[in-house]
Each structure stands twice: as C-alpha cells, then as structure tokens.
Amino acid sequence: MEKFYAYMDRMKFIKRWQLMRSTREENIMEHSHSVAVLTHALTTIEREVFGGTVNAEQAVLYALYHEVSEVMTGDMPTPVKYFNMQLHGEYEKLETLAVDKIADTLPADLKKSLSPYLHADKNSEEYRFVKAADKLSAYLKCLEELNSGNKEFVQAEKTIGQSLHDLNMRSVEYFFERFIPAFYLTLDELQGL
C-alpha cells in the first residue's frame, strides 16, 4: 500500500490564516493550486514579455509541492514562524524532516522523479518565482477579504503588497499593473454586464 497521494489529499484539511478572522477559510491544497497558477503566470510573463530564461515547468512543480510539509506540521502562522531566527531555523528543520518522511512514502521508482520537487532548490531562480507567487497568493487573499468587508486584512494587504514591490521583480510589477485591478471587480463587471 502506497501512502504518498493519500498524504497529498490531506492538504485540504490544513487551514491557513489561523490567527485572523476570515470570511472564507482557505486550506493549503487550494493555496498550493493558487501558487502554482501564479508561478506559471509570473514565469510566463518573465519569459514571454521580458525574454527571461526561468524554467516554468520546474517552478510550477516546486509551487505545487511547496506546502507539503504542512500535512504533518500544520500551517504555522507567519508572526509565530518569524518571531525570531532561532525558532524559524528550528521550524525549517522540522519542515525538512516532514518532507523527508512524506517522500519516503513514495515507491522507489517514483521517488527519484518526484523528490526533487518535494525538496526544492531554494537557491534557484525558479524558487524565487515560487516565493513571489506565494506572497502574491497571500495578497490576493487579502484583497478577497477586504472586498468582503473584512477589515482584519487591512494591515496584511499593505505589508504583503509592499513586500511584493520590494522584490523588484519585473514580472510581479507587470502582474500588478495588468492583472490586479480585475480582482476588485464583481462577476458581473468581469463579464461586462
């Protein structure tokens, strides 16, 4: 009996934004999908608009599995995770151990192919796009909550928005300029009704 994909399916049970009141709960499965889509968007913009050479497929696969450790660890809220560097370092070790344990549930003939995406090269250009997409996904969650009248996300939207601009990534700026305005529209407005 192989357990890997049963672990992946459990991502839907891990809640995000635990310290904040949300109008709609978000889980790490939907977040991972969002980050994968946004990683694809940013890498496509980088390649097609700016002539970059980032490997979109590798980046998207990194994104798809970037939260896999949380099936075992849960989602540690950002203020806690970054409370101090010692705690952050210990949590990173715990995340690595969780990924190792989950990777060990793969059959040997699949582990070689999937393990590089579970253990992303965090120093790669591709992973930089994943981190940007991860922040962008959080930013979009803030917009969703604010559009629903939830003021709990006012400061998070400002902080995350600034951190995205501080990345100085041309694909992120392009996304802000061209795509973010549509996130303020209703469905009827999107459809031009």
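A helix, as the word is used here, is a DSSP run of H or I that covers at least four residues, and helices are numbered from the N terminus. By that definition, D166 has its place in helix α9, and the account below moves from the whole chain to residues such as this one. The structure is a predicted model.

**The chain as a whole**

The secondary structure of the protein chain comes to 11 helices and 0 strands, and reading along the sequence gives the pattern α-α-α-α-α-α-α-α-α-α-α. The radius of gyration of the protein chain is 17 Å, close to the 16 Å that the globule rule gives for 193 residues, so the chain is as compact as a globular protein of that length. Taken along the principal axes, the box filled by the C-alpha atoms of the chain is roughly 50 × 40 × 35 Å.

Of the 193 residues of the protein chain, 42% count as buried. Among the contacts in the chain with a separation of 6 or more, 70% are accounted for by residues 24 or more positions apart. The accessible surface of the chain comes to about 11200 Å², and carbon and sulfur atoms hold 54% of this surface. The chain carries 22 positive and 30 negative charges, and the mean positions of these two groups are 3 Å apart.

**The nonpolar cores**

The largest nonpolar core has 31 residues, and the members that touch the most other members are L42, L136, Y139, I160 and I180. At least two residues of this core come from each of α2 (28-48), α3 (56-64), α8 (125-147), α9 (154-166) and α10 (170-178). Which helix gives the most to this core? With 11 residues, α8 gives the most. Apart from this core lies another one, of 14 residues, with M8, I28, V71 and L106 among them.

I180, one of the residues that touch the most other members of the largest core, is in contact with L136, Y139, L140, L143 and F175 when its neighbours within four places in sequence are left aside. F175 also appears among the buried residues of α10, which are S171, V172, Y174, F175 and F176. The buried residues of α10 pack against α2, α8 and α9.

**Three residues compared with the cut-offs**

The table sets out the relative accessible area of three residues.

| Residue | Relative accessible area | State |
|---|---|---|
| D166 | 49% | partly exposed |
| E145 | 0% | buried |
| A138 | 9% | buried |

Why is A138 counted as buried? Buried means under 20% relative accessible area, and A138 has 9%, so A138 is buried. E145 is buried because its relative accessible area of 0% is likewise under 20%. D166, with 49%, is partly exposed because its value lies between 20% and the 50% that an exposed residue must be over.

A138 is found in helix α8, and, not counting residues up to four places away in sequence, A138 touches R16, W17 and I160. A138 and K15 are 123 residues apart along the chain, and their C-alpha atoms are separated by 13 Å.

E145 is also found in helix α8. Leaving aside neighbours within four places in sequence, E145 is in contact with R21, S22, T23, R24, N150 and F153.

For D166, the C-alpha atom is separated by 24 Å from that of M20, and these two residues are 146 residues apart along the chain.

Terms used. Residues numbered from 1 in each chain as written. Predicted model: local features only at pLDDT ≥ 70, side-chain atom pairs only at ≥ 80, totals over all residues. Heavy atoms only, no water. Rg over C-alpha atoms; globule rule 2.2 N^0.38 Å. Buried < 20%, exposed > 50% of the residue type's maximum accessible area, 1.4 Å probe, protein only. Contact = heavy atoms within 4.5 Å. Areas by Shrake-Rupley, 256 points an atom, 1.4 Å probe, with all protein chains shown as cover. Lys, Arg positive; Asp, Glu negative; His and termini not counted. Charge placed at Lys NZ, Arg CZ, Asp CG, Glu CD. Core = buried A, V, L, I, M, F, W, Y, C linked by side-chain atoms within 4.5 Å.
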